[in-house]
Amino acid sequence: MNTARIQNTLETLFQDSARWLHSGRRVVFWYDPEQQFASSFNELQLEGVEKLQLADTPFTVKYRLLTLQPNQAFLLYAPFPEPAPQENWLLDIQKSGLTFSADPAALIYADLGLRSRRLEIIIREQIKFFKSRKRTEALQAMGISPDSDERELLLAMLSVLAGLKVPDAGTLIRRVLLGGLLETDNALWSDIERFVSAEAFWEVAVEYTDLPKQHPSLNKLFTQLLVTHFAISLHGVIPPQLANQVISPGQRAYAFIDQWMRDQQDSSSLKTLSSEVAEQLQIFDAIENLDQKFYLKQLVLKL
């Protein structure tokens with residue numbers, strides 16, 4: 001690992017106030033159980049930060065940090081695994097500070113300025129996404145909040161794949177659908193499966209549109225969004241064979257399609273996809289076979 005890369009990351013870690021929950025002195029713990037980065041630690045020169053290698057004298061360290069140098073910033077390097085909480089005599093200090101690691105996922109986590117340690121695990125699980133410098137820089141450019149949770153990080157990563165400048169669930173879903181309703185022919189969908197996960201996308205879609213979670217597909221998603229908009233537009237009176245396609249509650253689904261219809265740039269593509277689904281559902285035959293009572297009811301509702 002390049003020492004300069006570690007140096008830059010640690011400098012940012014110490015200097016960026018957004019990463020700290022308090023305004024007091026800053027202490028960073030660095031556990032290195034394999035001692036892979038001992039030479040890098042020795043080479044580091046951090047202005048205003050004192051380096052200290054931990055040994056088996058935690059009480060001496062605690063006395064130094066709390067009594068002798070209570071205002072000094074420290075980088076504490078531990079050439080051993082992180083102790084269990086009940087065995088960690090420096091746990092109170094560690095909890096008020098930050099923990100650093102020099103493996104690729106940890107460095108990315110630090111570069112993004114995130115606070116939740118759970119997100120370092122997510123980054124490690126999705127490390128394929130970060131193998132592209134372009135994708136990583138696009139994610140950094142979004143400036144996601146340090147307090148982001150797992151859902152927000154994954155939405156941002158999916159939004160990068162969709163070419164968005166900011167995380168946006170609605171635009172993400174639309175971009176995916178515009179790629180085609182058949183997953184095997186949808187290039188963006190292939191990227192989602194390869195670099196993040198299909199499950200992450202469906203979590204976004206379910207939350208944003210109220211889509212049922214059972215066996216989702218792009219075709220089913222668009223069909224149910226379209227039928228739900230149709231049903232609400234007709235005050236709930238639709239051909240019986242379409243009733244099982246309506247999302248409940250349907251306000252989010254209706255708003256999604258309504259916004260799409262009003263977008264001049266994408267409205268023509270909506271018509272193309274709608275025609276495809278209308279043919280699948282044989283919707284014109286369904287409407288044609290309705291008796292006159294259906295049409296009379298629509299007329300009454302509009303008056």
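Helix α4 supplies the largest share of the lining of the largest pocket, with 4 residues. The model is a predicted one, and this pocket holds about 470 Å³ of space. The protein chain as a whole comprises 16 helices and 4 strands, and a search of the entire structure returns 16 salt bridges.

**Largest pocket**

- The space in the largest pocket amounts to about 470 Å³, and 23 residues line this pocket, of which G97, L98, T99, R115 and R117 are the closest to its centre.
- Three elements each give two or more residues to the lining: α4 (91-96), β4 (98-100) and α5 (104-112).
- By class, the lining consists of 11 nonpolar, 6 polar and 6 charged residues.

**Salt bridge between R117 and E120, and its network**

- R117, one of the residues closest to the centre of the largest pocket, forms a salt bridge with E120, with a distance of 2.4 Å from N to O.
- The two partners fall in separate burial classes: R117 is partly exposed because its relative accessible area is 36%, whereas E120 has a relative accessible area of 7% and is therefore buried.
- Both residues belong to a network of salt bridges that links D103, R117, E120 and R124.

**Salt bridges between helices**

- D111 and R5 form a salt bridge in which the closest N and O atoms are 2.9 Å apart.
- This pair links distant parts of the chain, since D111 belongs to helix α5 and R5 to helix α1, with their positions 106 residues apart in sequence.
- D111 has a relative accessible area of 26% and is therefore partly exposed; R5, at 31% relative accessibility, is also classed as partly exposed.
- A salt bridge also joins the side chains of K62 and D92, at 3.2 Å from N to O.
- K62 is part of helix α3 (residues 58-68) and D92 is part of helix α4, so this salt bridge ties together parts that lie 30 residues apart in sequence.
- K62 is partly exposed because its relative accessible area is 21%, which lies just above the 20% under which a residue counts as buried.
- D92 is likewise partly exposed, at 43% relative accessibility.

**T3 in helix α1**

- T3 is located in helix α1, which spans residues 3-15.
- T3 has a relative accessible area of 18% and is therefore buried, the limit for this class being under 20%.
- Leaving aside residues up to four places away in sequence, T3 touches S40, E43 and L44.

**Overall form of the chain**

- The protein chain contains 16 helices and 4 strands.
- Its radius of gyration is 27 Å, well over the 19 Å that the globule rule gives for 303 residues, so the chain is more spread out than a compact globule.
- Along the principal axes, the C-alpha atoms fill a box of roughly 90 × 35 × 30 Å.
- Buried residues account for 45% of the 303 residues of the protein chain.
- Of the contacts between residues at least 6 apart in sequence, 63% join residues at least 24 apart.

Conventions: Residues are numbered from 1 along each chain as its sequence is written. This is a predicted model: local features need pLDDT of at least 70, side-chain atom pairs count only at pLDDT 80 or more; totals for chains, interfaces and linings use all residues. Side-chain values use heavy atoms; hydrogens and water are left out. On a 1 Å grid over the protein atoms alone, a cavity is a set of points where a 1.4 Å probe fits but cannot get out, and a pocket is an open set with protein on both sides within 12 Å along at least five of seven lines; lining residues have an atom within 4 Å of a point. Grid points are joined across faces, edges and corners, and a volume is the space filled by probe spheres set on the points. Ala, Val, Leu, Ile, Met, Phe, Trp, Tyr, Cys and Pro count as nonpolar, Asp, Glu, Lys and Arg as charged, and the others, Gly among them, as polar. Buried means under 20% relative accessible area, exposed over 50%, partly exposed in between (1.4 Å probe, protein chains only). Contact means heavy atoms within 4.5 Å. A salt bridge is a side-chain nitrogen of Lys or Arg within 4 Å of a carboxyl oxygen of Asp or Glu. The radius of gyration is taken over C-alpha atoms; the globule rule is 2.2 Å times the number of residues to the power 0.38.
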